[in-house]
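Let's take a stroll through a protein model, starting with the whole chain and then zooming in on a few spots. Keep the 3D view open while you read.

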Amino acid sequence: MKTVAGPTDRVVVVGAGLSGLAAALYLTGAGRTVTLLERADHVGGRVGVHRGPDYEIDSGATVLTLPELVTDALAAVGRTPESCSLRIHRLAPSYHARFADGADIRVFADAETMAAEVARVCGPAEARRYRRLRDWLARIYAAEFTEFMDTNFDSPLDMVREPRKRAALLDLVRLGGFGRLGARVGQILGDRRLARLFTFQALYAGLPPAEALAVYGAIPHMDTSLGVYFPEGGMRAVAAAMAAAFTDAGGTLELDTEVVGIDYAGRRARRVCTADGRAIDCDAVVLTADLGSIERFGVRRRRWLRASPSAVVAHGTVPAEVAARWPVQAHHTIDFGAAWDATFAELTARRGRLMSDPSLLLTRPALTDPDLFIDRPDGRHEPFSLLAPCPNLVAAPLDWERIGPSYLRELLAVLEQRGYTGITAHFTVDHLDTPRTWQAKGMLAGTPFSAAHVFRQTGPFRPRNFPASSDNVVIAGCGTVPGVGVPTVLLSGKLAATRITGDVSPASGETAPTMALGFPAKH
């Protein structure tokens, strides 16, 4: 594995998202002097926070999987979640799915409970097919995790030169991992509604299930078999705990500090320059800037990157008595429209369109963490988020400042028709994010999901975390290996740190694939 040559005593990490926090923890634990710079007034990055008038709500990722990766990062500096007052609970159900025909399916991580749920809705024969699918997804994940996800690549040839990677590659070939996810799931399951629950996650990778490689079965395995989790206080509590562990271990964290450039001496970064006129000396840099803005730091990126779809996200509050009458009472609800293939085509086509029959994610965190309820003079309210996937700005350069509010009204009207009575009149929206929001933050094509995981942007073909443009700048985040998602960006921070420390041993040993075969894990 290629590592940073020369001294690496002083490291500057740019960006205190989850990848930057993970990198900072691993580097500090390895004895480096680390300065972590963040332009916002809080840590978390894409796992951020919106502050309402009398409440806070997660403004980014709301789905946590593989929380043992958080434990690993904390352990790098001798801390545990408990010592950081971080309490994480498994959701049961992980999701509640509603379908246009009136059916609903709850998704449980426990195999027996989920099989019973499938039998209830789809019949005992489909429950047996579900067990086959669960086993296949677990095997895909077990073959993939250590040698495809928790690993650094110097070249695609690493997959055939290194014996363990070569063995993992052969396992994936035997499992059909380089076929198509949608087709493979469709061969096992007979109920198309159930198949949606094990393929919609392809959108996280920026692809329709019909195009996504079957290796991305690792994502629905994490989602549906290993469990979805939620930390008390919200997802932002994870970032806060990691930041506290970092500073308690002697790291320096500076908020409200924007990095405007990097000074180089030849191919080597020597100083990180901030907007307030300072220059911070360094021996190495971990850069977590999005691929859409990374070049201003002297890092060249691939010219032709295909970006993932984006999202419209509304945050606000709703009266608890109104939400209590909705057809589903769950932390996460996926409300599917009748369309499926057409929806993915609209979102992922090179000339994208807004969904004609929306599938939506509704998040109600106070149902899991009652401390998040808001007591007001006019009664109890709860924080509420609505996410609607949409095309990115390259595929559909829409005027979101003009159409954003009206599109949100259309989405709320759809939900009203689907039985969420009162949502149109009583959902008070305090914050609306659109592709323009993400673009203003420097994100590629106005999407928070970065580069799509098409084959040429997957695994060893994804933008590398040790770019050839410098000798001591390493990148981390969802735009590099291993990819998009909370677990993967945590891994990306660790992998970036190992480029500096040279320590390539897995943080939690070789346990993650074993856990995939049925033991409790954290999402």
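First, the outside: the chain exposes about 20,000 Å², and carbon and sulfur atoms supply 52% of that area. Keep in mind that this is a predicted model.

**The whole chain**

How many of the pieces are helices, and how many are strands? The chain has 17 helices and 20 strands. Its C-alpha atoms fill a box of roughly 65 × 60 × 45 Å, taken along the principal axes. Is that what you'd expect from a compact globule? Well, a compact globule with 523 residues would have a radius of gyration near 24 Å, and the chain has 22 Å, so the two agree. Of the 523 residues, 61% count as buried. The chain also brings together parts that are far apart in sequence: take the contacts between residues at least 6 apart, and 72% of them join residues at least 24 apart.

**Two residues in loops**

Now let's zoom in on R306 and F455. Here's how they line up:

| Residue | Loop between | Relative accessible area |
|---|---|---|
| R306 | β13 (284-287) and β14 (310-319) | 18% |
| F455 | α15 (435-440) and β20 (473-475) | 48% |

Why does R306 count as buried? Buried means under 20% relative accessible area, and R306 is at 18%, so it qualifies. Leaving out residues up to four places away in sequence, R306 touches L207, E211, T348, A451, A452, V454, R456 and Q457. A214 is 92 residues from R306 along the chain, and the C-alpha atoms of these two are separated by 19 Å.

F455 is partly exposed, because its relative accessible area is 48%. Which residues join F455 in a nonpolar surface patch? V173, F178 and F461 do, and together with F455 they make a patch of about 360 Å².

**A hairpin to find**

Last stop: strands β10 (residues 259-265) and β11 (residues 268-274). They pair in the antiparallel sense over 6 bridges. If you're looking for a matched pair of residues, A265 stands opposite R268 in β11. How many residues sit between β10 and β11 in their hairpin? There are 2, and G266 in the turn has a positive phi of about 65°. While you're looking at strands, here's a handy rule: in a regular strand the side chains alternate between the two faces of the sheet.

Terms used
Residues are numbered from 1 along each chain as its sequence is written. This is a predicted model: local features need pLDDT of at least 70, side-chain atom pairs count only at pLDDT 80 or more; totals for chains, interfaces and linings use all residues. Side-chain values use heavy atoms; hydrogens and water are left out. Patches are made of residues with over 30% relative accessible area and no salt bridge: like charges are joined within 9 Å, nonpolar side chains (Val, Leu, Ile, Met, Phe, Trp, Tyr) within 5 Å. Accessible areas come from the Shrake-Rupley method with a 1.4 Å probe; for residues, only the protein chains shown count as cover. A salt bridge is a side-chain nitrogen of Lys or Arg within 4 Å of a carboxyl oxygen of Asp or Glu. Helices (H or I, at least four residues) and strands (E, at least two) are DSSP runs, numbered from the N terminus. Buried means under 20% relative accessible area, exposed over 50%, partly exposed in between (1.4 Å probe, protein chains only). Two strands pair if DSSP finds at least two bridges between them. The radius of gyration is taken over C-alpha atoms; the globule rule is 2.2 Å times the number of residues to the power 0.38. Contact means heavy atoms within 4.5 Å.
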